[in-house]
Amino acid sequence: MNRRDLLALAAAGIAPMSLSRVASAQATDGIEFGAPFPMSGPFAVNGKYGELGVRMAIQRYGTVIGRRLAYSVFDTEAKPATAVRKVQEAAQQKNTKFFVGGILSPEALAMGKEVHRLGGVFFCYSGADEITGKECNSATFRWPVPAYGAVAQTVRPLIEAQPKAKRWYTITAQYVFGEGMLAATKDVLKEKGVELVGNSYHSLAEKEFSGYLTNAMAAKPDVLVLLNFGTQSTDALRQAISFGLHKKMTILVPWTSGLEQFQSLGAESTEGIYFGAQYWHSVDSPTNRELITQVTRELKVTPNYTLAAAFICTKCVIDAIAKAGSTEPKAVISALEGMKFEGLTGQEQIRKEDHQVIKDYYLLRGKAKKQMKDADDYVDVVSSGQSFLSVEQAGCKLS
Amino acid sequence: MSVYLLQTVNGVGIGMLYFLLAVGLSIVFGLLRFVNFAHGVFYLLGAYFCFEAVRQGMSFWAALLVVPLFVAAVGWVAEKTLLRHVYAKPHEFHILITVGVALIIQELVIVQWGPLGDSVAVPTGLEGVVMWGDFIYPKYRLFVIGVTAGLAVLLWWVLEGTRLGSAVRAGSESPEMVSLLGINVFRLFSLVFALGAATAAIAGVLAAPIRGVEPFMGIEALAVAFVVVVVGGLGSFTGALVGGILIGVVQSVMSTLWPEGARLMIYVAMAAVLLLRPNGLLGKGG
């Protein structure tokens, strides 16, 4: 199966599959999952892979505590207000208690609050520190390393590897995720005595980055950092390459959206570029090997971050339902708190005090095309590690 | 070189692409009084057909010639089979049918090429950059400026200096009179619609090596095209050129002055023009 077939599967399968599954779940007293993803707009690609990740987990288990699993996906349009409305509809019309999704931080923050108000469980994979920090709540869990850790595991090792690179420039998406990444980057640069010579904010709707790149050129930095996500970081990086900036400075994308970004850019554009990643398919762990086997068998593709994150979030909730022996949200939350599990990146644990999953983050470097061993072998893993704010530093007080 | 001068040059480059994107929309409205919300998908098709042609081994240069003709044919067929049946109806019908066509084509693109974006390599000979002091500018973007400038002259000549152009201009004033003169107005409509689709497709082909291809690029292109024609004046060729460059320069210069508002400013510029000159900078009085 190629990407065309995958899309046919994703696009054609979403509505009928989810609807039929909802019907069967209701008919047999099943357990219903809500999968709120941006299925349209600039982040639709991420949403479609997220849906596949939920599907893989639901398909693998089929049932839990003797009850059939089902899910329905709904389009958040990457808008917090729409996302909240869809969550409310799912809770009221389908009695959905468990939600997995929330790729973008603003929608994840909004949905987390709403699911908390409705008395459900929400497992998300957005990046803003606030989700398991000042805005945390007892219903919300988060798998990926937040902005602080992503920056610590990419900016810090790059500074150490390139001690002569003293001038850094950032291009930042102006919303909660970008702001968090920028704040964390400033902290690390200040601590290391490195100068931030400039920053250009851009809106969440931006597609044309040549103006911001011109700003960066004028500042003559040694390192350019792209603090945005998804197609925006793809577009920004593609245009930076066309301006030849990769030959004049080091480029770092601390939060890549994963394999699909490399497939979209091609090895010619990613060679020599540094990326930060939550997940990479070559990580050798039992759970990752199982996921790769399942996804390559059923979808004929290599799992990317979005798919993998949705899978592991769904799996965690299912495992917690099994552990609790109940679908009562409070019991499931108790089961999730402190849960240790064999995750995609090795041993992972959900921190009880703020519901943050403690896991590795990776610094990658793009390979030359001729060095790739297979079609998806785009990078070398430069380093990996764990960096998290303490619960006190993050400011989380679960309510 | 001052960063503002750099941004102005860059803005002209962006604006020329915006002009090409918008000129077809403007001409079609000028002649047909038809609001074409499907215009963005012709840009989308141009980019994807270019991507596929290059993937199949065709040179970029051949794609630049062939793809617009192919998309023009798609536009011709759409106009003849669907769109002309609603010309006489209110604008709501135009919007309804063209949004429908746009969504269908967009979803077909997803089914055919997948939800992921992809890249189109910069054509051989245009890789790399040109340097003026500290200023770097991609050779390919300079090429795009040159090509769009050439096309602007060609289009101007077609519209102002040929019999076809006279018919188009006359048709935009009074289609009934043109019809009485023995010109097949419906064929003229089809031709202009195909021309509009072709210009959008050229913009798509030229944009592909800069921005890559992704299934939702048509929506963004449509939004920009509408801003340009509203600023320049609906139905005005020169207005599309002035509007495109103005919007490109505003966006680029604002990237330095107020980066977070650069995107917003193109809409602010549109609102300002609407307030000061409701028919656009070069639009005809209503």
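Colleague: Which residue is the bridge partner of A:Phe33 in E4(A), and what makes E1(A) and strand E4 of chain A a pair?

Modeller: In this predicted model, A:Phe33 has A:Phe98 as its bridge partner in E4(A). Two strands count as paired if DSSP finds at least two bridges between them, and E1(A) is joined to strand E4 (residues 98–101) of chain A by two bridges in the parallel sense, so the pair meets the criterion.

Colleague: What makes E1 and E3 of chain A a parallel pair, and over how many bridges?

Modeller: Strand E1 (residues 31–37) and strand E3 (residues 67–75) of chain A share seven bridges in the parallel sense, and since at least two are required, they count as paired. One of the bridges sets A:Phe37 against A:Asp75 in E3(A).

Colleague: How do you know that E2(A) pairs with E3(A), and in which sense, parallel or antiparallel?

Modeller: Strand E2 (residues 63–64) of chain A is joined to E3(A) by two bridges and the strands run antiparallel, which satisfies the requirement of at least two. A:Val64 lies opposite A:Arg67 of E3(A), and in the hairpin of these strands, with two residues between them, A:Ile65 adopts a positive phi near 40 degrees.

Colleague: Why are E2 and E6 of chain A said to stand at the edges?

Modeller: The six strands make an open sheet of mixed pairing, in the order E2-E3-E1-E4-E5-E6 of chain A. E2 and strand E6 (140–142) of chain A each have a single partner strand, so one side of each is without a neighbour in the sheet.

Colleague: Where in chain A does pLDDT stay under 50?

Modeller: It does so over residues 1–27 of chain A, for which the model nevertheless has 44 contacts beyond four places in sequence. Where pLDDT is low, predicted coordinates should not be read in detail. For chain A as a whole, the mean pLDDT is 90, with 93% of the residues reaching 70 or more.

Colleague: How many residues does each domain of chain A bring to the contact between them?

Modeller: The domain assignment gives domain 1 (3–144 + 284–359) and domain 2 (149–277) of chain A, and their C-alpha centres lie 29 Å apart. The contact takes 17 residues from domain 1 of chain A and 13 residues from domain 2 of chain A, each counted because its C-beta atom lies within 7 Å of one on the other side. On the domain 1 side, helix H2 (44–61), helix H4 (105–118) and helix H14 (305–324) of chain A each supply at least two residues, and that side divides into eight nonpolar, seven polar and two charged residues.

Colleague: How many residues of chain B are in contact with chain A, and which element gives the largest share?

Modeller: Chain B brings 37 residues into contact with 42 residues of chain A, and H1(B) gives the largest share of the chain B side, with five residues. That side comprises 18 nonpolar, 12 polar and seven charged residues.

Colleague: Why does the radius of gyration of chain B agree with a compact globule?

Modeller: For 286 residues a compact globule would have a radius of gyration near 19 Å, and chain B has 19 Å, so the value agrees. The C-alpha trace of chain B spans about 60 × 50 × 35 Å along its principal axes. A residue is buried if 20 or more other C-beta atoms lie within 10 Å of its own, and 52% of the 286 residues of chain B count as buried.

How values were computed
Residues numbered from 1 in each chain as written. Chains lettered and ligands numbered in written order. Predicted model: local features only at pLDDT ≥ 70, side-chain atom pairs only at ≥ 80, totals over all residues. Domains from an automatic or database assignment. Contact = placed C-beta atoms within 7 Å. Helix = DSSP H or I, 4+ residues; strand = E, 2+ residues; numbered from the N terminus. Nonpolar A, V, L, I, M, F, W, Y, C, P; charged D, E, K, R; others polar. Rg over C-alpha atoms; globule rule 2.2 N^0.38 Å. Buried ≥ 20, exposed ≤ 12 C-beta atoms within 10 Å, placed from the backbone. pLDDT = per-residue confidence, 0-100.
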